[in-house]
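Let's take a friendly walk through one protein model. Have a look at the sequence and the picture first, and then read on.

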Amino acid sequence: MAKFFPKGQIMGFVFSLILTVIAMLVYFTDMSFTTGMVILLVTAFIQAGLQFIVFMHAGETNDKWAIYSNIVYGIGLVVLTVLGSLLILLWDM
């Protein structure tokens, strides 16, 4: 019976709830903008990684390293796009 209990998914769900509560605390507490944004970005990236690994089963196939490398490549593209947009729109370069 224990092998049918989705222990990993339950732990992932609880960890997702904890990350959501941390993000909500940023909204409801009076902290500086920079600190709040850093906490939100860190919790968002952890939440995304958790969703990929636990709920989208990214590590359960034989080609899991291809999936992980595609995720890292996608994150790299997002960072470059955001930094490029900031460079053009905010800093007038």
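What follows goes from the overall build down to single residues.

## Ground rules

You're looking at a predicted model, where local features need pLDDT of at least 70, side-chain atom pairs count only at pLDDT 80 or more, and totals for chains, interfaces and linings use all residues. Residues are numbered from 1 along each chain as its sequence is written, and side-chain values use heavy atoms, with hydrogens and water left out.

## The overall build

How many helices and strands does the protein have? The count is three helices and zero strands. Helices (H or I, at least four residues) and strands (E, at least two) are DSSP runs, numbered from the N terminus. Read from that end, the elements go α-α-α.

Now for the outline. The C-alpha atoms fill a box of roughly 60 × 35 × 10 Å along the principal axes. The radius of gyration is 17 Å, whereas a compact globule of 93 residues would come out near 12 Å. This radius is taken over C-alpha atoms, and the globule rule is 2.2 Å times the number of residues to the power 0.38.

What about the surface? About 7600 Å² is accessible, and 77% of that belongs to carbon and sulfur atoms. Accessible areas come from the Shrake-Rupley method with a 1.4 Å probe, and for residues only the protein chains shown count as cover. Of the 93 residues, 11% count as buried. Buried means under 20% relative accessible area, exposed means over 50%, and partly exposed is in between (1.4 Å probe, protein chains only).

Contacts also link distant parts of the chain: among those between residues at least 6 apart in sequence, 53% join residues at least 24 apart. Contact here means heavy atoms within 4.5 Å.

## Helix α1 and what comes before it

Start with Lys-3, which sits in the segment before α1 (7-28). Lys-3 is exposed, at 72% relative accessibility. Its C-alpha atom is 21 Å from that of Phe-15, twelve residues away along the chain.

Inside α1 you'll find Ser-16. Is Ser-16 buried or exposed? Ser-16 counts as buried, because its relative accessibility is 8%. Setting aside neighbours within four places in sequence, Ser-16 touches Gln-47, Leu-50, Gln-51 and Phe-55.

Met-24 is in α1 as well, but at 42% it counts as partly exposed. From Met-24 to Leu-40 you go 16 residues along the sequence, and the C-alpha atoms are 9.2 Å apart in space.

## Helix α2

Next up is α2, with 23 residues that should span 33 Å at 1.5 Å a residue; the end C-alpha atoms are 31 Å apart, which agrees. The expected span is 1.5 Å times one less than the number of residues.

Which residues of α2 are buried? They are Gly-36, Thr-43, Leu-50 and Val-54, and their cover includes α1.

Thr-43 is worth a stop. This residue belongs to helix α2 (residues 33-55) and has a relative accessible area of 9%, so it is buried. A polar atom of the Thr-43 side chain lies 3.0 Å from the backbone oxygen of Leu-40. Leaving out neighbours within four places in sequence, Thr-43 is in contact with Leu-19, Ile-22 and Ala-23.

Just after α2 comes His-57, with a positive phi of about 55°.

## Aromatic pairs

A pair of aromatic rings is described by the distance of the centres and the angle of the planes. Rings of Phe, Tyr and Trp (its six-membered ring) pair if their centres lie within 6.5 Å; planes under 30 degrees apart count as stacked, over 60 as edge-to-face and the rest as tilted. By this rule there are two aromatic pairs:

| Pair | Centre to centre | Angle between planes | Type |
|---|---|---|---|
| Tyr-27 and Phe-28 | 5.0 Å | 80° | edge-to-face |
| Trp-65 and Tyr-68 | 5.4 Å | 65° | edge-to-face |

How covered are these residues? Tyr-27 is exposed at 67%, and Phe-28 is exposed at 60%. Trp-65 is exposed at 61%, whereas Tyr-68 is partly exposed at 23%.

Trp-65 and Tyr-68 are separated by about one helical turn because they are three residues apart in helix α3 (residues 64-89). An α-helix has 3.6 residues a turn, so residues three or four places apart point the same way.

Definitions and conventions:
Polar contact = N/O pair within 3.5 Å; in protein donor to acceptor, adjacent residues only side chain to side chain.
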